[in-house]
Amino acid sequence: MNSENPLKIGIACYPLVGGSGILASALGMELAARGHEVHFFSYAKPVRLDTSLPRIHFHAVAVSKYKLFEYADYTLPLAVKIAEVADQVHLDIIHAHYAVPHATAAYIAKRMAKQDRLRIVTTLHGTDTTLLGRDPNYRRAIEYSLQHSDRVTTVSDSLRRDTEEIFDVGKPVEVIHNFYTPGQATSTRERMRKDLELGDCFTLFHASNLRSVKRIDLLLESVARCKFRSRLKLIVLAGNSFEEFEGKVRELGLESTVIVRQNGYPVEDYIEASDLGIYTSETESFCLSILEGMFLGKASLAFRVGGIPEVMEEGVSGLLCDFGNCDEMAARIDELVEDPARARALGLAAKERAVERFTAEKIVPKYLACYEQALLEGAPVA
């Protein structure tokens, strides 16, 4: 599928800082640049979506506030909005990023829409399988939504294995890795380091939504155990409030080490100012933040979990430790503080790997082929 045969694609995603929303936004903009018409559905505009671009449309979904409901409903208003737009513009594809509630809403929308062509592609990003998939309150609904999707993809082979272990999907699950296209930094490394008062410190960088699986407690513990922590700074680019971790920072004596910026953009500025990414997740399907650093020539240190070993090559373009081993992680940091040239060498190898494997030019055609197969294969088994 190319600009000579443009598709009309609906994308349902979360709007906040997090891998699924970032990937969905980047994919939509890449598809629009290739001549396809893309319609986004969410309760707020995705933070990295540029709605001024040609062929990009955003449809805000109103969350019900009826006093009848003790808790606000989002799935049904989302399904109704998708169905309305599908009928108005004749969508070809609904691409649901994250199973709950997007795949479920997409299936309801497909049943409501007054056309036969509409197909569903569902991309799983992580905790929709590894966390919600093990919850009996969600598992059956997720499985049903996946069975009634025309195509199902995951962002790593690790997540594919987990998905097939937990769910009876009823069809092959395709692995399509994440991609990233770095933007232009608005500040030089030197200026950014001066503004952040980093001095000559070796600087670690962490970006996440701070959810519990990100294990910020282990991140702070690892830094606190470094022998050379007086020569360290840690930048935390937080997608949510850091308030719950402030006590831990004080308890560990890291007040002069940790620098927190909430929803700081452009992310490239902060990465350029750093020397090494650091990630301590308990589970991680891919870790797009690691890939962001790789494209800017920065390696990462992380726990050996989920799909992270698929992103970096251990010992060549990044460093991995056993999950929960804060002493090992601290030792790796100390080694690089004393040998920053090795950190730079790892970063160069990381950039080479990113350009070789994870560009839009390599990944977006895989999604287009996936859409084409969904349209060719027709409706799923009822």
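Here is a walk through a predicted model, from its strands and nonpolar cores to its cavity and pockets.

Let's begin with strand 2, which spans residues 37–42. Most of this strand is covered, with 5 of its 6 residues buried. It has partners to look at as well. Strand 1, residues 8–12, runs parallel to strand 2, and 5 bridges join the two. Strand 3, residues 56–60, is also parallel to strand 2 and is joined to it by 5 bridges. If you would like a single residue to anchor your view, try Phe41 in strand 2, which stands opposite Ala12. Phe41 also has a bridge partner in strand 3, namely His59.

From the strands we can move on to the nonpolar cores. The largest of them has 81 residues. Which of these have the most contacts inside the core? They are Leu204, Phe205, Leu220, Leu234, Ile290, Leu291 and Ile333. Ile333 is a good one to select in your viewer: setting aside neighbours within four places in sequence, it is in contact with Leu204, Cys226, Leu232, Ile278 and Leu301. There is also a second, separate core of 27 residues, and among its members are Leu7, Ala24, Val364 and Ala374.

Next comes the enclosed space. The structure holds 1 cavity of 30 Å³ or more, and the volume of the largest cavity is about 40 Å³. Two names from the largest core come back here: Phe205 and Ile290 are both found in the lining of this cavity. Other lining residues include Ile271, Ser274, Gly277, Tyr279, Lys298 and Ser300. Strand 11 (276–279) and helix 11 are the elements that give two or more residues to this lining, and helix 11 gives the most, with 3 residues. By class, the cavity lining has 5 nonpolar, 5 polar and 1 charged residues.

Now for the open spaces. The largest pocket holds about 850 Å³ of space. It is lined by 48 residues, and those closest to its centre are Gly18, Gly19, Asn209, Arg211 and Lys214. Where does the lining come from? At least two residues each are supplied by helix 1 (19–33), helix 4 (127–130), helix 6 (157–166), strand 8 (202–208), strand 9 (232–238) and helix 11 (288–295). Helix 1 provides the largest share, 4 residues. Helix 11, which we met at the cavity, is thus also a contributor to this pocket. As for chemistry, the lining of the largest pocket divides into 21 nonpolar, 21 polar and 6 charged residues.

The second largest pocket has a volume of about 370 Å³. Its lining is made of 17 residues, and Ala26, Met29, Arg48, Tyr180 and Thr181 lie nearest its centre. Helix 1 and helix 10 (267–273) are the elements that give two or more residues to this lining. Here, too, the largest share comes from helix 1, with 4 residues. The classes in this lining are 10 nonpolar, 3 polar and 4 charged residues.

If you want one element to follow through the model, helix 1 is a friendly choice: it gives the largest share of the lining of the largest pocket and the largest share of the lining of the second largest pocket.

Methods. Residues are numbered from 1 along each chain as its sequence is written. This is a predicted model: local features need pLDDT of at least 70, side-chain atom pairs count only at pLDDT 80 or more; totals for chains, interfaces and linings use all residues. Side-chain values use heavy atoms; hydrogens and water are left out. On a 1 Å grid over the protein atoms alone, a cavity is a set of points where a 1.4 Å probe fits but cannot get out, and a pocket is an open set with protein on both sides within 12 Å along at least five of seven lines; lining residues have an atom within 4 Å of a point. Grid points are joined across faces, edges and corners, and a volume is the space filled by probe spheres set on the points. Ala, Val, Leu, Ile, Met, Phe, Trp, Tyr, Cys and Pro count as nonpolar, Asp, Glu, Lys and Arg as charged, and the others, Gly among them, as polar. Buried means under 20% relative accessible area, exposed over 50%, partly exposed in between (1.4 Å probe, protein chains only). Two strands pair if DSSP finds at least two bridges between them. A nonpolar core is a set of buried Ala, Val, Leu, Ile, Met, Phe, Trp, Tyr and Cys residues joined through side-chain atoms within 4.5 Å. Contact means heavy atoms within 4.5 Å.
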